[in-house]
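Dear colleague,

Here is the structure I promised to pass on to you, with the sequence alongside. Below it I have set out what I found when going through the side chains.

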Amino acid sequence: GNIGLGNNLSYAQEIHELSKTLGIADKVIWTGEYAWDSDEASMYLYSADACVFPFHEGVTLNRSSLAAAASHGLPIVTTQGMFLESPFIHQKNMLLCPPQEPKSLALAIDSLISNPELRQQLHIGALELAHTWFSWDKAVERTIEALKRDDYARAK
């Protein structure tokens, strides 16, 4: 179709239309908007079975959506770009697929559905990732370490 090719539909409308075009509209739950300071996002994440991020350039630590999914212990399926940051470990804290390969994403999602042990491993791995990289305590520790390195470098 012509989705994304300059028609006058908003992105949300495009996605709604895409679900109809793909014949999955009856399987998609649209949550709608919610206040940024509400607990609704957490409620939705805790009720999800997994989270899929088909990032065009691949996963990176600066993705807030990834941090949110990991902190809720969701098994994560995402894409690996040209550069992969060291915290991301395939089959330990996420399943990694090549970008722009829908079949690869579909196979990874299918493996989560059929493998409860893998889902559990990714759940635990996501929580560990969140604790190590996305918690306030660890962020403060890394900031202090970086400041100490700067002070040490200036002292030389």
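In this predicted model, Y34 has a relative accessibility of 37% and therefore counts as partly exposed. Y44, with a relative accessible area of 25%, is likewise classed as partly exposed. These two residues belong together, for a search of the whole structure finds 2 aromatic pairs, and in one of them Y34 and Y44 meet in a tilted arrangement, with 5.8 Å from centre to centre and 55° between the planes. The pair links distant parts of the chain, since Y34 lies in the loop between α1 (11-21) and α2 (40-47) while Y44 belongs to helix α2, 10 residues apart.

The other pair to look at is made by F53 and F55, whose rings are stacked, 5.2 Å centre to centre and with 5° between the planes. Both F53 and F55 are buried. The ring of F55 has a further partner, in that the charged end of R63 sits over this ring, 3.8 Å from its centre.

F53 also leads into the nonpolar interior. As a general background, nonpolar side chains in soluble globular proteins tend to be buried together. In this model the largest nonpolar core has 16 residues, and F53, V59, L66, I76 and M94 are those with the most contacts inside it. Strand β1 (51-53) and the helices α3 (64-71) and α5 each supply at least two residues of this core. If you would like a single residue from which to explore the core, V59 may serve, as V59 touches L66, T78, T79, L84, E85, F88, M94 and L96 when residues up to four places away in sequence are not counted. Apart from the largest core lies another one, of 8 residues, among them L105, A108, L118 and L122.

Turning to charged side chains, a search of the whole structure finds 3 salt bridges. In helix α1, the side chains of E17 and K20 meet in a salt bridge, with 3.6 Å from N to O. Because E17 and K20 are 3 residues apart in this helix, about one helical turn separates them. E17 counts as partly exposed, at 33% relative accessibility, whereas K20, at 53%, counts as exposed. A second bridge joins the side chains of D26 and K27, where the N to O distance is 4.0 Å, and both of these residues are exposed.

The remaining bridge is between the side chains of K92 and E128, at 2.9 Å from N to O. K92 lies in the loop between β2 (76-79) and β3 (95-97) and E128 in helix α5 (residues 116-134), so this pair ties together parts that are 36 residues apart in sequence. Each end is partly exposed, K92 at 35% relative accessibility and E128 at 38%.

The loop between β2 and β3 also holds N93. Is N93 buried or exposed? At 4% relative accessibility N93 counts as buried, because the cut-off for that class is under 20%. The side chain of N93 has backbone partners: one of its polar atoms lies 2.7 Å from the backbone oxygen of P87, and a polar atom of this side chain lies 2.9 Å from the backbone nitrogen of I89. Leaving aside neighbours within four places in sequence, N93 is in contact with I76, P87, F88, L122, G125, A126 and L129. Among these contacts, I76 is one of the residues named above for the largest core, and L122 is one of those named for the other core.

A further polar residue that deserves a look is S19, which is found in helix α1. S19 counts as buried, at 5% relative accessibility. The side chain of S19 reaches the backbone oxygen of H16 at 2.7 Å. Leaving aside neighbours within four places in sequence, S19 is in contact with I24, A25, V28 and W30.

Please keep in mind, as you go through these distances at the bench, that they come from a predicted model.

With best wishes

Methods. Residues numbered from 1 in each chain as written. Predicted model: local features only at pLDDT ≥ 70, side-chain atom pairs only at ≥ 80, totals over all residues. Heavy atoms only, no water. Phe/Tyr/Trp six-rings, centres within 6.5 Å; stacked < 30°, edge-to-face > 60°. Helix = DSSP H or I, 4+ residues; strand = E, 2+ residues; numbered from the N terminus. Buried < 20%, exposed > 50% of the residue type's maximum accessible area, 1.4 Å probe, protein only. Lys NZ or Arg CZ within 6 Å of the ring centre and 35° of its normal. Polar contact = N/O pair within 3.5 Å; in protein donor to acceptor, adjacent residues only side chain to side chain. Contact = heavy atoms within 4.5 Å. Core = buried A, V, L, I, M, F, W, Y, C linked by side-chain atoms within 4.5 Å.
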